[in-house]
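Hi everyone, thanks for coming along. Please have the structure open on your screen, and turn it with me as I talk.

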Amino acid sequence: MGKVTGFLEIDRQDRKYKPAADRIRHYDEFVIALSEEATRNQAARCMDCGIPFCHNGCPVNNQIPDWNDLVYHGDWRRALANLHSTNNFPEFTGRVCPAPCEASCTLNLIDQPVTIKTIECAIVDRGFEAGWVTPEPPKRKTGKRIAIVGSGPAGLAAAQQLARAGHEAHVYEKHAKAGGLLRYGIPDFKMEKQLIDRRVAQMEAEGVVFHYGVHVGVDFAADELVATHDAVVLAGGAEQPRDLPIRGRELRGVHFAMDFLPQQNRRVSGEPLATNEPILASGKHVVVIGGGDTGSDCIGTSVRQGALSVTQLEIMPRPPEKENKLVTWPDWPLKMRTSSSHEEGSARDFAVMTREFIGRDGVVTGLRCERVDAKMQPIVGSAFTLPADLVLLAMGFVSPVREGLLETLGVALDGRGNVAADTNTYSASREKLFACGDMRRGQSLVVWAIREGRQCAAAVDAFLMGDTNLPR
């Protein structure tokens, strides 16, 4: 490494947030980037640790020590090339990835991992500012035509890789714009959508053709798509939300998180809501059921909309404040995590099971809950009522939507309802059909979707051409 003793001499320093009182007044990103000097110092903390466990912690296997060394030496352009060799969209992961690589960092044994995610974001942001990120059209065309269904991170990664290999890549997206959950699920204050737009522009210059407002299997025949393409990549995500079928579920004011979040993203971008039922937290007592990232996004959005109060319920017990590093490292640990949205004003309650939604005149007014033990069994005498004018169900996704595309294609599903395909060929049960991302693996991270999109592209290229030079 460039500075062998850097981890001994330099303390960890990470990006900071603008004050909560200021940032809740808008939907812009609010992270304060490190200076160039501070970023280089942080890169100097990367150890010559022998076995870079961060490689395994990162689903796309970023060559983290290599680009840390390049940043330390000021060779940002080569760092960008190295970063792009494993990750098509580091500006996405540099903002919304939970950074399992940092959990795997050797320095994390003393709770001071290298700020990998921050350095990654700094590299790609600098690359765009300097004009180094340019289209990479293929030198030759293969004449093969490929359909990619879904334009989330998996579909975008697959499409870009296939276009660069010389194939004619066509992306079919049911919404008005590309991005999937990147655009319609993740709030703008975590990732502004201009980041997606500039990547789409790059991909269009590389030959990728986007077809918007095309819902394959609903308003466009799936069999026709298969018949007119040499291969079809199913990258439609896992959109079937986990429901809470208890008494009162039909009350107005009880909504899925993914009915709530896309509306606000569309408001910010000026896109029509595509519904006659606006869902707003303004002036309401909001209860978010589910303790993950989606629940956190609901909190931040509700606060910005002017909610009177926001309470997040989690059925799992409160996790420990700190993990036992000698037991968990280098794996991703279970511990208490507080997001920027939590800091903006919300209450959190753990080991709580919702038993019933209560209401008046068909509108929700509260929840009847009770506390549960470690085995999720009710604790006698622990029942309580929580007032609520808006309830958001953020309990994750169970599988892809089967109606339409998957039912028409008749592809085999695994035990969880995902499209059955392995990670070697990514082949579905029907000839020339492939599946990747959440549609194949189930609900997961953006970085896993990018990995699967890249690997699926290599498998498709090998299927069409006999071999492939695309990296996996």
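Let's begin with the lining of the second largest pocket, which by class has nine nonpolar, 12 polar and nine charged residues. Please keep in mind that we're looking at a predicted model. The volume of this pocket is about 570 Å³. Its lining has 30 residues, and those nearest the centre are Glu136, Gln161, Arg164, Leu470 and Pro471. If you'd like to find the walls, try four helices: helix 6 (76–84), helix 10 (153–164), helix 12 (194–205) and helix 20 (446–465) each give at least two residues to the lining of this pocket. Which helix gives the largest share of that lining? It's helix 6, with four residues.

Now let's go inside, to the cavities. How many cavities of 30 Å³ or more does a search of the whole structure find? The search finds four. I'll show you two of them.

The largest cavity holds about 120 Å³ of space. There are 16 residues around it, and Cys46, Cys49, Cys54, Cys105 and Thr106 are the ones nearest its centre. Now, what mix of classes do we get in the lining of the largest cavity? Here we have 13 nonpolar residues, three polar and no charged ones. Among the contributors to this lining are helix 4 (53–57) and helix 5 (64–72), with at least two residues each. Helix 5 has the largest share, at three residues.

Next comes the second largest cavity, with about 100 Å³ of space. It has 15 lining residues, and nearest its centre you'll find Cys58, Asn62, Cys97, Cys101 and Glu120. Its lining divides into 10 nonpolar, three polar and two charged residues. Helix 8 and helix 9 each supply at least two residues of that lining, and helix 9 gives the most, with three.

Stay with those two helices for a moment, please. In the loop between helix 8 (100–104) and helix 9 (116–130) sits Ile110. Is Ile110 buried or exposed? Its relative accessibility is 60%, so Ile110 counts as exposed. Ile110 also has company: together with Leu109 and Leu326, it forms a nonpolar patch on the surface, and the three have about 350 Å² of accessible area together.

Let's turn to charged side chains. The count of salt bridges in this model comes to 31. I've picked three pairs for you to find.

The first on my list joins Glu344 and Arg304, with the closest N and O atoms 2.7 Å apart. Why might you care where these two sit along the chain? Glu344 is in the loop between helix 17 (340–343) and strand 11 (347–350), while Arg304 is in helix 15 (residues 293–305), so this pair ties together parts that are 40 residues apart in sequence. Both partners are covered: Glu344 counts as buried because its relative accessibility is 10%, and Arg304 counts as buried at 9%.

For the next pair, look for Lys335 and Glu323, whose side chains meet in a salt bridge at 3.6 Å, N to O. Lys335 lies in the loop between helix 16 (325–328) and helix 17, and Glu323 lies in the loop between strand 10 (309–314) and helix 16, so the bridge ties together parts 12 residues apart in sequence. With a relative accessibility of 21%, Lys335 counts as partly exposed, whereas Glu323 is buried, with a relative accessible area of 10%. This pair also belongs to a network of salt bridges, which links Asp111, Lys322, Glu323, Lys325 and Lys335.

The last pair on my list is Glu356 with Arg368, where the closest N and O atoms are 3.0 Å apart. This one runs between strands: Glu356 is in strand 12 (residues 352–360) and Arg368 is in strand 13 (residues 363–371), so the pair ties together parts that are 12 residues apart in sequence. Which of the two is buried, and which is partly exposed? Glu356 is buried, with a relative accessible area of 17%, and Arg368 is partly exposed, at 39%.

That's my tour, so please grab the mouse and look around for yourselves. Thanks for listening!

Conventions. Residues are numbered from 1 along each chain as its sequence is written. This is a predicted model: local features need pLDDT of at least 70, side-chain atom pairs count only at pLDDT 80 or more; totals for chains, interfaces and linings use all residues. Side-chain values use heavy atoms; hydrogens and water are left out. Patches are made of residues with over 30% relative accessible area and no salt bridge: like charges are joined within 9 Å, nonpolar side chains (Val, Leu, Ile, Met, Phe, Trp, Tyr) within 5 Å. Accessible areas come from the Shrake-Rupley method with a 1.4 Å probe; for residues, only the protein chains shown count as cover. A salt bridge is a side-chain nitrogen of Lys or Arg within 4 Å of a carboxyl oxygen of Asp or Glu. Buried means under 20% relative accessible area, exposed over 50%, partly exposed in between (1.4 Å probe, protein chains only). On a 1 Å grid over the protein atoms alone, a cavity is a set of points where a 1.4 Å probe fits but cannot get out, and a pocket is an open set with protein on both sides within 12 Å along at least five of seven lines; lining residues have an atom within 4 Å of a point. Grid points are joined across faces, edges and corners, and a volume is the space filled by probe spheres set on the points. Ala, Val, Leu, Ile, Met, Phe, Trp, Tyr, Cys and Pro count as nonpolar, Asp, Glu, Lys and Arg as charged, and the others, Gly among them, as polar.
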